[in-house]
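How do you read a protein fold without getting lost? Take one element at a time, and keep the picture open beside you.

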Amino acid sequence: MEINKKRYRDVDSYFKKKFNKKIIKLPLDGNFTCPNRDGTLSNLGCIYCSENGAGDFTKFDNLDRQIDFQIERLKKENRNEGYMAYFQNFTSTYGDFENIKKLFYEAINNPKIMGLSIATRADCLSDEVIDLLDEINKKTFLIVELGLQSVNEKSIEFINRGYSHKEFDEGLLKLKEKNIKTLAHLIIGLPNENLDDYLRAISYINERKFWGIKIHNLYIEKGSRIYDYYLKNTNEFKMTLDEFVDCVILILESLDSKIVVQRLTGDGRRDRIIWPIWSKNKAKVLSTIDKKLKDGNKNQGDLWKEK
């Protein structure tokens, strides 16, 4: 059991143990783009991505002002808090290298910041970027988040990720060689995927000893390309809340008990989500997972065996 009495290794407990305070991740916008949007690989982006990428909760501005804005938005009075800079939007290691370096150092040099989390693609990790991340990793607490989403090549093609699982693995291993903490994003509910696909992804995550995982249910927002696909193929989108929860519980049971769980459900814009409606109630999704884990006396790692 963790500090928060979860049956999995939740990130909030992890940070409280490590830093002796609650750590708030501050979503920041570095004005990055993506090779899947600027024409290098595609102009379309991943099929589920909205025009704002993952930046619906960011506000592009001078970085120090962004940090102050997000602290003001997310802080709670009389709570012992620390803050981690989180470059969330689009691909944070893609573009002009000197600009990337400048932004990362501006973030970690801000006296209010205790660590850095970077969302990026595994095919956007040049040697100079790896050297930069290695340097930063020696100066502060660093997490690199990678959009795995699936290990099924047909699904990877469907979502228009733009590179193969083999290429993902090559990028990951560059980070692992430098002992940089890595976190995998995994989507549950893609069309034509099933439990076998999710468990193969978990086997890969276990094998490569990721530091952390984020599990997202697929949700469809107006303004994304998958919205158009959904309108023409509604019958492919059937996952209920109970089905999603059962998948998550089996994933947790199969997950290496040392891997930190940073998210168990999607977190889209409630006013834009058109499917599944149940995903708008994040608190209910999480409480249902907790209840089923408790009622079944199930825990992260129960079905995992170290190789």
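What follows is a walk through this predicted model, from the sheet to the helices and then to some loops.

Start with the sheet. Strands of a sheet pair through backbone hydrogen bonds, either parallel or antiparallel. Here the pairing is parallel. Seven strands take part, and the sheet they form is open. Read across it and the order is β1-β2-β3-β4-β5-β6-β8. Which strands stand at the edges? They are β1, residues 22–28, and β8, residues 260–263. Each has a single partner strand, so one side of each is left without a neighbour in the sheet. The strands are not lined up exactly: neighbours in this sheet are turned by 25° against each other on average, direction ignored.

Now look at β1 again. Is this edge strand largely enclosed or left open by the rest of the structure? Six of its seven residues are buried, so β1 is largely enclosed by the rest of the structure. A residue counts as buried when its relative accessible area is under 20%.

Step from β1 to its partner. β1 and β2 pair in the parallel sense over seven bridges. One of these links can be followed by residue: P27 has Y86 of β2 as its bridge partner. Y86 also stands opposite S117 in β3. So follow the path onward. β2 covers residues 81–87 and β3 covers residues 113–120. These two strands pair in the parallel sense over five bridges.

Next come the helices that lie on the sheet. Helix α6, residues 165–177, lies across β4 (141–149) and β5 (181–188). The helix runs at about 170° to β4. Helix α9, residues 241–254, packs on the sheet too. Helix α9 touches β5, β6 (212–217) and β8. Its direction makes about 165° with that of β6.

Helices also pack on each other. Two packed helices are described by the angle between their axes and the distance between the axes. Try α7, residues 195–207, against α9. The angle is about 30°, and the axes are 10 Å apart. That makes α7 roughly parallel to α9, since angles under 35 degrees count as roughly parallel. The crossing is right-handed. On the α7 side, L195, Y198, L199, I202 and N206 make the contact. On the α9 side, C247, L250, I251 and S254 meet them. By class, this contact has seven nonpolar, two polar and no charged residues.

Helix α9 has another helix packed against it, α10. Again the axes are 10 Å apart, but here the angle is about 55°. That makes α9 oblique to α10. This crossing, too, is right-handed. From α9 come L241, D242, F244, V245, D246, V248, I249 and L252. They meet K284, V285, T288, I289, K292 and L293 in α10. What classes of residue does this contact hold? It has nine nonpolar, one polar and four charged residues.

Turn to another pair, α3 (residues 97–109) and α4 (residues 127–137). Their axes come within 11 Å and cross at roughly 10°. α3 and α4 are therefore roughly parallel to each other. Their crossing is right-handed. F97, I100, K101, F104, Y105 and I108 of α3 touch E128, V129, L132, L133, E135 and I136 of α4. These residues divide into nine nonpolar, no polar and three charged.

Finally, visit the loops. Most residues other than glycine have a negative phi, and most peptide bonds are trans. Where does this model depart from that pattern? N78 has a positive phi of about 65° although it is not a glycine. N78 lies in the loop between α2 (63–74) and β2. N78 is exposed, with a relative accessible area of 84%. N179 has a positive phi as well, about 55°, and is not a glycine either. N179 sits in the loop between α6 and β5. At 64% relative accessibility, N179 counts as exposed.

The peptide bond to look for joins W275 and P276: it is cis, with an omega of about -15°. P276 lies in the loop between β9 (273–275) and α10 (282–295).

One last loop residue is L44, between β1 and α2. L44 and L26 are 18 residues apart in sequence and 27 Å apart in space, C-alpha to C-alpha. What does L44 touch, leaving aside its neighbours within four places in sequence? L44 is in contact with N36, N160 and R225.

Key:
Residues numbered from 1 in each chain as written. Predicted model: local features only at pLDDT ≥ 70, side-chain atom pairs only at ≥ 80, totals over all residues. Heavy atoms only, no water. Pairing = 2+ DSSP bridges. Helix = DSSP H or I, 4+ residues; strand = E, 2+ residues; numbered from the N terminus. Axes fitted to C-alpha atoms, helices over the stretch in contact; angles between N-to-C directions. Contact = heavy atoms within 4.5 Å. Parallel < 35°, antiparallel > 145°, perpendicular 65-115°, else oblique. Left-handed = near helix turned anticlockwise from the far one by under 90°. Nonpolar A, V, L, I, M, F, W, Y, C, P; charged D, E, K, R; others polar. Buried < 20%, exposed > 50% of the residue type's maximum accessible area, 1.4 Å probe, protein only.
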